[in-house]
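Grab a coffee and work through these exercises with the structure open beside you. Try each task before you read its solution.

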Amino acid sequence: IAEDILRRKPPDDGKGKGNCKHSSVIFHKNKQTSVPSTLSPLRECCLARYLHEDYRLIQTMIGGNNKNNFAGVAPLVGAHPVIKEACSWGSQEQQILCQSDLKSMLMRRARYLDQSLGSCSEIVTDLDN
């Protein structure tokens with residue numbers, strides 16, 4: 001089954017790119033919500049802190065350890081070994097892109113995830129100065 005999944009390719013849109021949409025795009029097109037399209041820095045920080053364990057999972061997928069982690073996020077302890085192989089599929093180029101995408105997710109929220117920088121209010125105040 002796993003080999004079958006690895007052989008699958010996303011549908012082609014005729015432009016050489018897969019025709020897959022991110023789940024957030026699908027959600028916002030199907031729901032009439034009053035959720036703002038962008039979050040304030042304070043809300044973004046609070047959300048990143050709330051999702052801290054998810055960012056730890058991403059760190060684990062990258063294969064980092066406590067000495068080599070991004071954004072001050074420690075990997076999960078005792079995670080299943082297959083999680084560390086998240087980017088071991090496809091060609092060498094696809095593996096590098098996968099690693100880069102995961103690192104980008106962490107680095108985009110690095111200032112919010114690093115608990116040593118203080119509370120979200122302190123971080124946002126520092127950003128304004």
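**Exercise 1. Read the fold along the sequence, then say how many helices and strands the protein has.**

Going along the sequence of this predicted model, the pattern is α-α-α-α-α-α-α. The count is then 7 helices and 0 strands.

Next, look at burial and contacts. Of the 129 residues, 20% count as buried. Among contacts with a separation of 6 or more, 49% are between residues 24 or more positions apart.

**Exercise 2. Work out how the axes of H3 and H7 cross, and which residues make the contact.**

Step one is geometry. Two packed helices are described by the angle between their axes and the distance between the axes. For H3 (residues 41-50) and H7 (residues 120-128), the axes come within 9 Å and cross at roughly 140 degrees.

Step two is to put a word on that angle. Roughly antiparallel needs an angle over 145 degrees, and H3 and H7 are therefore oblique to each other. Their crossing is right-handed.

Step three is to list who touches whom. H3 brings Pro41, Leu42, Cys45, Cys46 and Arg49, while H7 brings Cys120, Ser121, Ile123 and Val124. Sort the residues of this contact by class and you get 7 nonpolar, 1 polar and 1 charged.

**Exercise 3. Find the disulfides and give the pairing of the bonded cysteines in sequence order.**

The structure holds 2 disulfides. Take them one at a time.

- Cys45 and Cys120 are bonded, with sulfur atoms 2.1 Å apart. The angle about the S-S bond is -80 degrees, and the link is left-handed. It joins distant parts of the chain, since Cys45 sits in helix H3 and Cys120 in helix H7, 75 residues apart. Cys45 and Cys120 are both buried.
- Cys87 and Cys98 are bonded too, with sulfur atoms 2.0 Å apart. The torsion about their S-S bond is about -65 degrees, so this disulfide is left-handed. Cys87 is in the loop between H4 and H5, Cys98 is in helix H5, and they are 11 residues apart. Cys87 counts as buried because its relative accessibility is 6%, and Cys98 is buried with a relative accessible area of 14%.

Now number the bonded cysteines in sequence order: the pairing reads 1-4, 2-3.

**Exercise 4. Explain why the sulfur of Cys46 is not bonded to the closest cysteine sulfur.**

Start with the distance. The closest cysteine sulfur to that of Cys46 belongs to Cys120, and it is 4.2 Å away. A disulfide needs the two sulfurs within 2.5 Å, so 4.2 Å is too far for a bond.

Then check the surroundings. Cys46 is partly exposed, with a relative accessible area of 41%. Its neighbour in the list of H3 contact residues, Cys45, is buried.

**Exercise 5. Describe how H4 packs against H5, giving angle, axis distance and contact residues.**

The two helices pack at an angle of about 150 degrees, and their axes are 10 Å apart. That angle makes H4 roughly antiparallel to H5. H4 passes H5 in a left-handed crossing.

From H4, the contact uses Tyr55, Ile58, Gln59, Met61 and Ile62; from H5, it uses Gln99, Leu102, Lys103, Met105 and Leu106. By class, that is 7 nonpolar, 2 polar and 1 charged residues.

**Exercise 6. Sort H4 by burial: which residues are buried, and what do they pack against?**

Helix H4 covers residues 52-62, and its buried residues are His52, Tyr55, Arg56, Ile58, Gln59, Thr60 and Ile62. They pack against H3, helix H5 (92-108) and helix H6 (110-113). For the spacing, remember that an α-helix has 3.6 residues a turn, so residues three or four places apart point the same way.

Now zoom in on two residues of H4:

- His52 is buried, with a relative accessible area of 19%. Setting aside neighbours within four places in sequence, His52 is in contact with Leu113 and Gln115.
- Glu53 is also in helix H4, but at 44% relative accessibility Glu53 counts as partly exposed. Its C-alpha atom is 9.1 Å from that of Val73, 20 residues apart along the chain.

Finish at the end of the helix: just after H4, Gly63 takes a positive phi of about 95 degrees.

Notes: Residues numbered from 1 in each chain as written. Predicted model: local features only at pLDDT ≥ 70, side-chain atom pairs only at ≥ 80, totals over all residues. Heavy atoms only, no water. Axes fitted to C-alpha atoms, helices over the stretch in contact; angles between N-to-C directions. Helix = DSSP H or I, 4+ residues; strand = E, 2+ residues; numbered from the N terminus. Parallel < 35°, antiparallel > 145°, perpendicular 65-115°, else oblique. Left-handed = near helix turned anticlockwise from the far one by under 90°. Contact = heavy atoms within 4.5 Å. Nonpolar A, V, L, I, M, F, W, Y, C, P; charged D, E, K, R; others polar. Buried < 20%, exposed > 50% of the residue type's maximum accessible area, 1.4 Å probe, protein only.
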